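Visitor: Please show me the model, and then we can go through a residue and a helix pair.

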Amino acid sequence: MKRDNLNPLLLFPNRPKPLHIFMTLMLLYLVFTTFEFRTFESVSVSTVFENEHLNTHHRKALNFPSQEALGSLHRKPMQELQKVSTLNFNEGDLNETGLGKGRDKFSEIQRDVKEAWVKGKRMWEEIQFQNMETVNVAEKNISDSCLHSISISGSELRKQKGIMMIPCGLTLWSHVTVVGTPRLGHWEHDSKISVVKDEEEKVLVSQFMMELQGLKVVEDEEPPKILHFNPRLKGDYSGKPVIEQNTCYRMQWGSSLRCEGWKSRADEDTVDGQVKCEKWIRDDDNHSEESKATWWLPRLIGRKHKITLDWPYPFAEGRLFVLTLTAGLEGYHVTVDGKHVTSFPYRTGFSLEDATGLSIKGDIDVHSIYAASLPTSHPSFAPQMHLELLPQWKAPPILDKNVELFIGILSAGNHFAERMAVRKSWMQHKLIKSSHVVARFFVALHGKKDINVDIKKEADYFGDIIIVPYMDHYDLVVVKTVAIAEYGIRTVAAKNIMKCDDDTFVRVDSIISEVRKVGIGKSLYIGNMNYHHTPLRHGKWAVTYEEWMEEEYPTYANGPGYVISSDIAQFIVSNFEEHKLKLFKMEDVSMGMWVEQFNNSKPVEYVHSYKFCQFGCIEDYYTAHYQSPRQMTCMWDKLQHKGKPLCCNNR
């Protein structure tokens, strides 16, 4: 039977027509596209928020807190401490002179603080949008300038005003060779020699000075003299040829080492096994080491007379010499014409990398200089060489507990090695690791952007650097001291605040013991106190009467390490913010002045101890100043393994 073809429209009378189907599909398409667009829009918005979150996190990593974060500083829990000091200098409260209400004797430094704050604010804005790739390229180019050897002629040295640049300083076994000729003596008047000789006649003088200088250590200041080598052929007050060596750290000369022709004593310390002074022939040499009473005894018993070789003074007028200065393990060694002449032990405050300049001046004609075995990088250019990015050196999290002591450590921007040494030594103390004591570095902005970028990276990783948004300057260290007080009371909420330097070794347990002796609730000021010190009115450290009118400074503790109670810190910060705080270019004297003012309203217990060492280290120290990075780790090692506060000789 033939089957009829059935019309599908008849079988399914409710089936939509093609037009309906088309309209339905279009409607579904519109709905789908609208949903897709909204979905994409939603994803885009969430992506924006996510990117904003990442950008915020990136800004935090680079230590740029938002205004909201700055405004909610006091509401933040202890675990989320700021990495940028909020110490503000509200220039709106100042008139055009920057003095606030009226003029006073501190107006000049007040203006300097304002200028440093304005420059620092501008630097922050520039760094915030700094191209990291450009910085890295610049760092690479600077690092490439660290040559393994350098040579210049005498004419080139004269064009450079007697200074040869050593871009990246020295390293172990670096050596500098100088070929020169001392000039003939000339007559001049020397007041010091006149006093010794008690006469006013002129003196015949022939001498020259060769100095290793730290040209990059302190900006806008006279470079420190890491090694001062001064041969005096004629003109010394002794009337004999001598070689004098010394250092000048932070504008203060150390004790000189004078080689006068006598060999160093047998019981005197050596430097890498070499004596500090060799013997040379003197016109008054009567062989005093051989007793005149017994010179005949060896002959009587038939013993042969020992023949000694006497060498002349290594420098002579008009005679060519070849001098080589070598950096050893324990100090500098000087040879002249192949013979060892003198060795000078390293002194505190300097590292080999700091010797970035060689200066030769005086009565000498230099023919050539050759420096070799030099380092190929400098810590300022390659801080990664000094920073050990290991979790064990990170700052521990601060728990919600009362902090008994906050330690603010003043540090310069390019002191990467110094900060790393502190992290690996006394900042590993159990009191700090348990957050009963908190320690942070306070670093102001450096003049070089690349160094500031490296500081930010360091701060983000270790979490122990507080950046003070002021342009750094030696006379404005006082601002960082105020920043320590502000951070200690408002962010850490510590009971006591300590200030020290990054070359100060701190025995944390001893400091806590000294604080607890004073008693709870008392205002305290602990350190190595100076009483009745008078201002210097002449010389490099001269203080004018406009800067300081009184004849004496107030009682003050030496800057390398002292402690104040939180109420004194609160007094300092409040007065600073109201522009009532008198500032002085010597920060330790400033602190003494502020404590004296506070003492007028509430009694302060002054505690003096010489164990807060101003220079170097002493037995059973509380703090030891001028300690190199190597000494820091050495002292910590002795404290841990021998259980005693022993010093490490600076060798």
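**A buried arginine and a helix crossing**

Visitor: Is Arg 258 buried or exposed?
Guide: This is a predicted model, where local features need pLDDT of at least 70, side-chain atom pairs count only at pLDDT 80 or more, and totals for chains, interfaces and linings use all residues. Residues are numbered from 1 along each chain as its sequence is written, and side-chain values use heavy atoms, leaving out hydrogens and water. Buried means under 20% relative accessible area, exposed over 50%, and partly exposed in between (1.4 Å probe, protein chains only). Because its relative accessible area is 17%, Arg 258 is buried.

Visitor: Which side chains make polar contacts with the side chain of Arg 258?
Guide: A polar contact is a pair of N or O atoms within 3.5 Å; within protein, one must be able to donate a hydrogen and the other to accept it, and residues adjacent in sequence count only if both atoms are side-chain atoms. At 3.1 Å the partner is Glu 260, and at 3.2 Å the partner is Glu 244.

Visitor: How do the axes of H12 and H15 cross: parallel or oblique?
Guide: Helices (H or I, at least four residues) are DSSP runs, numbered from the N terminus. Axes are lines fitted to C-alpha atoms, for helices over the stretch in contact, with angles from 0 to 180 degrees between N-to-C directions. The axes of H12 (residues 477-490) and H15 (residues 587-599) come within 9 Å and cross at roughly 50°. Angles under 35 degrees count as roughly parallel, over 145 as roughly antiparallel, 65 to 115 as roughly perpendicular and the rest as oblique, so H12 is oblique to H15.

Definitions and conventions
Helices (H or I, at least four residues) and strands (E, at least two) are DSSP runs, numbered from the N terminus.
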